[in-house]
Amino acid sequence: MSGTVPIPGPSAWPLFGNVLDFNRDNPTMTMEEWAQKYGEIYRIMLPWGPLYVVSSQAMVNELCDESRFRKNIGGGLLELQNGVHDGIFTADTNDPQWGLAHRILTPAFGPTSINGMFAEMHEIASQLALKWARHGSETPIMVTDDFTRLTLDTISLCSMGYRFNSYYHDQLHPFVSAMTGFLIESGERFVRPSFMSPFFRSATKKYFQDIALLRKVAQDVLDERKKKPSDRKDLLSAMLNGVDPKTGQKLTDDSIIDNLITFLIAGHETTSGMLSFAFYELIKYPETMKKAREEVDMVIGRGPILLEHMSKLQYISAVLKETLRLCPTIPSVEVAPKGDQVIGGGKYLVPDGSDIILLYSAAHRDPRVHGDTADKFMPERMLDETYKRTNDEYPNFWKPFGNGQRGCIGRGFAMQESILIMAMLLQNFDFKLDDETYELQYLETLTVKPKNFWMRAELRHGLTATDLQRALNNGQQPIQMPNSVSKSLPTLHSKANLRPLNIYYGSNQGTSEALAQRLAMDAATHGYTAAIIEPLNSAKKNLPKDRPVIIITSSYEGEPPDNAASFFAWIKGLNGNELSGISYAVFGCGHRAWTSSFHRVPKAVDEIIETRGGSRICELGNTDVSQSDMFTDFEQWEDNILWPAMEAKYGPVEGVKTAESSLEVTFSTPRASILRQDVKEGVVVNAKLLAASEAAPKRHIEIKLPEGMTYRAGDYLAVLPTNPKESVDKVMRHFGLARDSHITISGDSKTTLPTGVPVPVYEVLGSYVELSQPVTKRGIQTIITHTTSPTAKSHISSLLSNPSLYTSQIITPRTSLLTLLTQDNSIALPFATFLSLLPPIRPRLYSISSSPLHSPTTASLTYSLLSQGVATTYLSTLVSGDRPPISLKQSHVSFHLPASTEVPIIMIAAGSGIAPFRGFIQERAVLQTQGKKLGLAMLFYGCRDNSQGDLYREEMNEFEKKGVVIVKRAYSRQEGRQKEYVGDKVWEEREVVKRLWEEGAKVYVCGSRAVGEGVKKAFARVVLGQGVNEERVKEWFEGVRNLRYAVDVFD
């Protein structure tokens, strides 16, 4: 073609082409070397024709365009069809069998399903950890073998309910050796000229023997399930019972066998390689190992590892992603052009149907993207914000899970499994190479993993194997996922009074459908009924104009789900005001890992409908399933945005008539006396957001104190909260109570509930009882008597007989009474009994962040808005004029400023822990204006960055200019800077800190328990010197605690 240039490449041999030039043990290494020599695209010759290879980010990005290129089933992948035929990874995209399997199997790896697999993942991970603990630190570990055991047993148990029990045998299961032989020989057959086949009869015989063994194992798994049917909602159930929503067909037994083998191979081989590479890199880079372990220690500590921890282990996730950047276990994929294509900015012609390799292993190290550090292991580059920024500038720079609709559907499974085992191992072991001279070698089949990699593991914290077994067993708990469809709708009005609405969902993995069902369940409590709950495709050319329309949908690699595709195509093709008169709202589901297409479809639907004349009821809602609980996000959107907007647009279901009246009214506030709390009403005079970008937003509130209430800088304000609306609504839904239900309580006069008069149930639940406290053992005993299922009764009884189980399943995750009730439908606890088991609501203490010398009648609070925080949620709802019940509580006598203003002080805080020190500094500023001589004051403050996370920055800068305080900040997430915590800053300023200490300075620390421990260690190093042992630190600390070293920690 005119204007194009020839594609370079190595010279080829007659008949054999470049086959003889490949490194037989590591063909990927050969292709990487050619990429270095010939550039971002080159051509090699194979016996049957040319093969093109692209190796730069720019080229890979261009060839990821699915409108121009398709996945090509060629090379070794084509040979794999000998064993797995048209399994989901080896079938052509245009093959109807691929579409059938893809639509049926994808939901089995949805977020809800994967979360439900956590307990079984934990069990297998525990088997690995216990093996290493029992073998001891002197036993070398064959890393790839043990991670292969882990991942094979995990995928088989979680997705098929089948146990290989690999840790109970010395040798790997025969499936593994057959799989390895199958993969290697498939690759060999790909490059071997056909005329040489007669010379490889022995290899061919072994090849088909391996295939026979793989199919026998898969048949055994299938037969086991058919022999013992299960109500498990796993991958095998989907294969056996799933019906294609598009064609109505089911998978045949042969297709099930093909896909069982596919998932058993793909579900463990690549993950075991990733974990093996990850531990090599961590040992090679000890500072990175330290950061990863510190994250585990901070997020989990030494307690049980829970599902909720997974999304909080961001650095561990980044370690895994960076591992896959440097060492992708699938180093390349193959595509083919749809017609002749010119690529590389118009330079190179690739003919229709050409075989093209996307060499991810080289593109991931593109210096144009990563500069001089392209070959260095740096997990920081894969943290969310940095990753997003890089991918925005260099799209598709990271592709270890494939591309587009042929991307790996088990990605979420692999990441959760890997984060869990890495957290467990880093929590409990130290690691080192068995051979300190070992350099990374590669073992390549059709996947890549380390070769001859041995390491050793030594238990941390002085643990024994028995200690570890006890701890891990306590950590195993069944994960009960919210059941959004089984509960009957509460009756709030007669059906005739309910207003209709239509709910449509677009869902490949079942998440959006579950949320649609949840919305339908909730609608009645707001006066609506879901007339339709159907896939979005049913709304094509059929959107109603006489009722609200709610759309809940996700994206799949930027494309709509299968059951929303025709609807999406329809609205995209509109060009006028065809949707005028339609009132709608949209909620989007997504996973931030798919950066380039995050929420693309819900955003597009929301915008297109409005552009074509629709009327938006409320703003777009969304959830990121990688960061939060989707049901909670959805409920918050429902309760705080959707339903208020519906009422504003359509009016309340039952209008309230108002008229002037001559009635005499009196007001009372009985809650304080009934609850026996000595609180009085304050008045909010100011409330504002300090930092919105934080994971836990920081807020500031100022409250005018009741007459006669005084305080000192450093004291607490106690706030008597009400329960969040969301929590109360959940109870009302569970017991099927209407919003306006009243209750009359009769009983002992000692109760802290209102008695003798009808009271709204909503008020009792919201204002008088704790809904979020962990259920007590007395509560559990009562539940047992109201449980009909023997299985459920046995499980709940074990919480009483096993104290460790009670701690791990109730205390640590803060499992409430309501949560326990909703985990099993066989528990039929009466509402009166439920209410009697709840403790009275209690005040929460907050450090006052002001000084009475600065504002004698007003106290300010600085707090983090916690997702499950009862009081912080309550505070965040208050606005000027609101009257919260408050009281004053004195802090510990040591947590006040020294009597002499000349005594130096050192204040150390992180986040909202700055609160009492703002009060201290305000007080010093006033004392300064009064002519008092001030000793030196230093504030060490830890926050995320120098923007919104740096609380009261301008105020502190002014104080610093006036000589009231010296501020030293530590930024843990500052762009372009090394991560630094407040303890690090104390050590950095150790000379002045030690001088002040020797001059008699008093030290104050406020923050989380982790901050308190970190600062204590850093300060001890400053005062006592490096290398001091823990016993000496403890002795020193006990000598100064509450005398010269005051601590106020919170969790």
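**Exercise 1.** Leaving aside its neighbours within four places in sequence, which residues is F429 in contact with?

*Solution.* The model examined here is a predicted one. Once the neighbours within four places in sequence are set aside, the contacts of F429 are A129, W132, A133, R293, A457, E458, L459, R460 and L468. The next step is to place F429 in its wider setting: the largest nonpolar core has 116 residues, and F429 is listed with L105, W132, F147, L425 and F431 as having the most contacts inside it. Helix α11, which spans residues 253-284, gives the most to this core, with 15 residues. A second core, separate from this one, has 41 residues, among them V679, L799, Y806 and L821.

**Exercise 2.** Describe the surroundings of H896, beginning with its place in the chain and ending with its contacts.

*Solution.* H896 is found in the loop that runs between β27 (885-889) and β28. Its relative accessible area is 6%, and because buried means under 20%, H896 counts as buried. Two polar contacts of its side chain can then be named: one of 2.9 Å to the side chain of D715, and one of 3.2 Å to the side chain of S891. Apart from neighbours within four places in sequence, the residues in contact with H896 are R712, A713, D715, S891, F920, K1002 and Y1004.

**Exercise 3.** Work out which strands stand at the edges of the open sheet of 5 strands, and explain why one side of each is left without a neighbour in the sheet.

*Solution.* The order of the strands is β30-β29-β28-β31-β32, and the pairing is parallel. β30 (966-971) and β32 (1045-1050) each have a single partner strand, so they stand at the edges and one side of each has no neighbour in the sheet. On average, neighbouring strands here are turned by 10° against each other, with direction ignored. Within the sheet, β28 (residues 905-910) and β31 (residues 1002-1008) pair in the parallel sense over 5 bridges, and the bridge partner of I906 in β31 is V1003. Helix α35, residues 990-998, packs on the sheet and touches β28, β29 (937-943) and β31, its direction making about 135° with that of β29.

**Exercise 4.** Follow strand β22 (residues 716-719), first through its side chains and then through its pairings.

*Solution.* Y716 and A718 point one way from β22, whereas L717 and V719 point the other way, and all are buried. The strand pairs in the antiparallel sense with β25 (residues 844-847) over 4 bridges, and it also pairs in the antiparallel sense with β27 over 4 bridges. V719 serves as a reference point for both pairings, since its bridge partner in β25 is R844, while in β27 it stands opposite I886.

**Exercise 5.** Is C408 buried or partly exposed, and in which loop does it lie?

*Solution.* C408 lies in the loop between α16 (384-393) and α17 (411-428). Its relative accessibility is 27%, and because partly exposed covers the range between under 20% and over 50%, C408 counts as partly exposed. An unreviewed UniProt entry places the feature "binding site" at C408.

Conventions
Residues are numbered from 1 along each chain as its sequence is written. This is a predicted model: local features need pLDDT of at least 70, side-chain atom pairs count only at pLDDT 80 or more; totals for chains, interfaces and linings use all residues. Side-chain values use heavy atoms; hydrogens and water are left out. Two strands pair if DSSP finds at least two bridges between them. Helices (H or I, at least four residues) and strands (E, at least two) are DSSP runs, numbered from the N terminus. Axes are lines fitted to C-alpha atoms, for helices over the stretch in contact, and angles run from 0 to 180 degrees between N-to-C directions. Contact means heavy atoms within 4.5 Å. A nonpolar core is a set of buried Ala, Val, Leu, Ile, Met, Phe, Trp, Tyr and Cys residues joined through side-chain atoms within 4.5 Å. Buried means under 20% relative accessible area, exposed over 50%, partly exposed in between (1.4 Å probe, protein chains only). A polar contact is a pair of N or O atoms within 3.5 Å; within protein, one must be able to donate a hydrogen and the other to accept it, and residues adjacent in sequence count only if both atoms are side-chain atoms. UniProt positions are given in the numbering used here, feature names are shortened, and annotations may be inferred rather than shown by experiment.
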